[in-house]
Number of protein chains: 2
Amino acid sequence: MSGPRIRLHVEQPLGTGQAVVLAPGQAHYLGSVMRQVPGDTVLLFNGADGEWRARLTHANRRGARLLCEEQTRPQGAPPDLWLLFAPLRRERTAFLVEKAVELGAARLLPFITRRTNAERLRLDRERAHAIEAAEQCGATWVPEVATPRPMAQILAEWPHGRQLFWADEARAGAGGDASTSADGCRRPDTGPEEGAAGREACGPGSGRPGPAAILIGPEGGFDAGERAALAALPFVRPFGLGPRILRAETAALAALALWQARFGDWA
Amino acid sequence: MSGPRIRLHVEQPLGTGQAVVLAPGQAHYLGSVMRQVPGDTVLLFNGADGEWRARLTHANRRGARLLCEEQTRPQGAPPDLWLLFAPLRRERTAFLVEKAVELGAARLLPFITRRTNAERLRLDRERAHAIEAAEQCGATWVPEVATPRPMAQILAEWPHGRQLFWADEARAGAGGDASTSADGCRRPDTGPEEGAAGREACGPGSGRPGPAAILIGPEGGFDAGERAALAALPFVRPFGLGPRILRAETAALAALALWQARFGDWA
């Protein structure tokens, strides 16, 4: 409840008595924006050494220096869940990246399709968004935002044993009348094709699934050839997200939340 | 699959042979932005008469006129789920409203607490966002965005029989290590206090719950008095959304998705 509220991701090693020199941008944020002065403490993490309380020993316009005092949290790791998405309009991609980090995606893999304009994605900006989100949400890691690659290439090199849950937009569009509601357990892997597998995974005796990924199509949807190629892959499991047509980023966030609640670290 | 892609919310009655005159703003959108010309068809809905295919008969700078031809979808209604939230920063509120409509909230109730700046919320703008989202997602209704009221007043007048699921941010913050994962069914109503009820609601024999609402606290959190007051109410059911600290809008979207998947119209 008490203690320092500011969390910063740094690249340096962290450990007892370790000195950390901040880059000018972070030093400015700490001193001029957050008004921290020598003697104040902040939390640092680097994705490898856990989270550390560090005391500000020196701060001026050009930089800031801190001294690690105590580990406040061991190094953690997110559940083994990837998110595959096509770059969206700028502010929607930023939102998607931020939310995916908060919701605990381990890797973000932007992909290129025939209908995707990959030049939309500025990797440096999205990686900065991922860092900010990790700082804010309390994660001790920063999910990777991978360099965009063609969808076909990602699928051709797909790792053995990792399920790919495909949020198939063709399953939406019935309009969202409440009269279509039903009771019981809903699971992200229950498409009409694999109801049995889905039911199995929902049972109280079900263990955690292995590595997984969620796939959200581009804004214009996949074309027929891409859809057929996806549907034919043995590790692909299509599923729906209700009767309304969700924007790509909404579908991504909903699917991440459902997976975390069922299989991830929200228990 | 084929047919008109443009959907517009109108205020006028809709029915066979009914003429509809668009306001200048919508007429401009239809003619100048979307380049529709007389003879083209669009979809119209008004929240009461279902969705109609209408043909553009007349369009110029000052207005546009359409003729309803056929009902394409009966009037629907969202599941009986409200969302209570404290106004956020401008772009985050806009996002929250848009996503809540897509995810099928029936009413959006902004509330004021000691730590909430209610002047942030511009109702006209948020109502326009709700309409846009309804047009986009295929709903035949537009969820109400209510006038902000003090939290205490909303709770004092709470309708009998409606459960209020409180996304209690005090349950997050453990850091999100994957080692805390567990298997089994996760449900939005499973706080430590009511595991039994939660388990009951998840079972395959569970029917739909009655009317429900989701409550997301303000960005600064509730203060101690507000928390105690909430916890004491018999219709309030606190629940957590995993170990990471979610932003208010992230928590709202995740909770809506979980509820829809379990109790709503995502079956």
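This section describes the confidence of a predicted model and the packing of selected helices and strands in chains A and B.

The predicted model has an ipTM of 0.86 and a pTM of 0.87. For chain A, the mean pLDDT is 85, with 84% of its residues at 70 or more. Within chain A, the pLDDT is below 50 over residues 175-207. In the model, this stretch nevertheless makes 78 contacts beyond near neighbours in sequence.

In chain A, strand β6 (residues 81-85) and strand β7 (residues 107-112) run parallel and are joined by four bridges. Between these two strands, L83(A) has L108(A) of β7(A) as its bridge partner. The connection from β6(A) to β7(A) passes through helix α2 (residues 90-102) of chain A, and the resulting β-α-β crossover is right-handed.

Strand β7(A) also pairs with strand β8 (residues 144-145) of chain A, in the parallel sense and over two bridges. Here R107(A) is matched with E144(A) in β8(A) as its bridge partner. A further two bridges connect β7(A) to strand β9 (residues 149-150) of chain A, and these strands also run parallel. In this pairing, the bridge partner of F111(A) is R149(A), which lies in β9(A). Strand β7(A) thus has bridges to β6(A), to β8(A) and to β9(A).

In chain B, helix α1 spans residues 24-33 and has A27(B), L30(B) and G31(B) as buried residues. Viewed down the axis of α1(B), the buried residues fall within an arc of 85°, and therefore line one face of the helix. An α-helix has 3.6 residues a turn, so residues three or four places apart point the same way. The exposed residues G25(B), S32(B) and V33(B) are carried on the face of α1(B) turned away from its buried side.

The packing partners of the buried residues of α1(B) are four strands of chain B: β2 (19-22), β3 (41-45), β4 (51-60) and β5 (63-73). Just after α1(B), the backbone at R35(B) adopts a positive phi of about 60°.

Helix α7 of chain B, residues 248-262, is 15 residues in length. From its first C-alpha to its last, α7(B) reaches 21 Å, close to the 21 Å expected at 1.5 Å a residue. Helix α7(B) is mostly covered, with 15 of its 15 residues buried. In α1(B), by contrast, buried residues and exposed residues are both present.

Notes: Residues numbered from 1 in each chain as written. Chains lettered and ligands numbered in written order. Predicted model: local features only at pLDDT ≥ 70, side-chain atom pairs only at ≥ 80, totals over all residues. Buried ≥ 20, exposed ≤ 12 C-beta atoms within 10 Å, placed from the backbone. Arc of directions from axis to C-beta. Contact = placed C-beta atoms within 7 Å. pLDDT = per-residue confidence, 0-100. Expected span 1.5 Å × (residues − 1). Pairing = 2+ DSSP bridges. Right-handed = clockwise from strand over helix to strand, strands pointing away.
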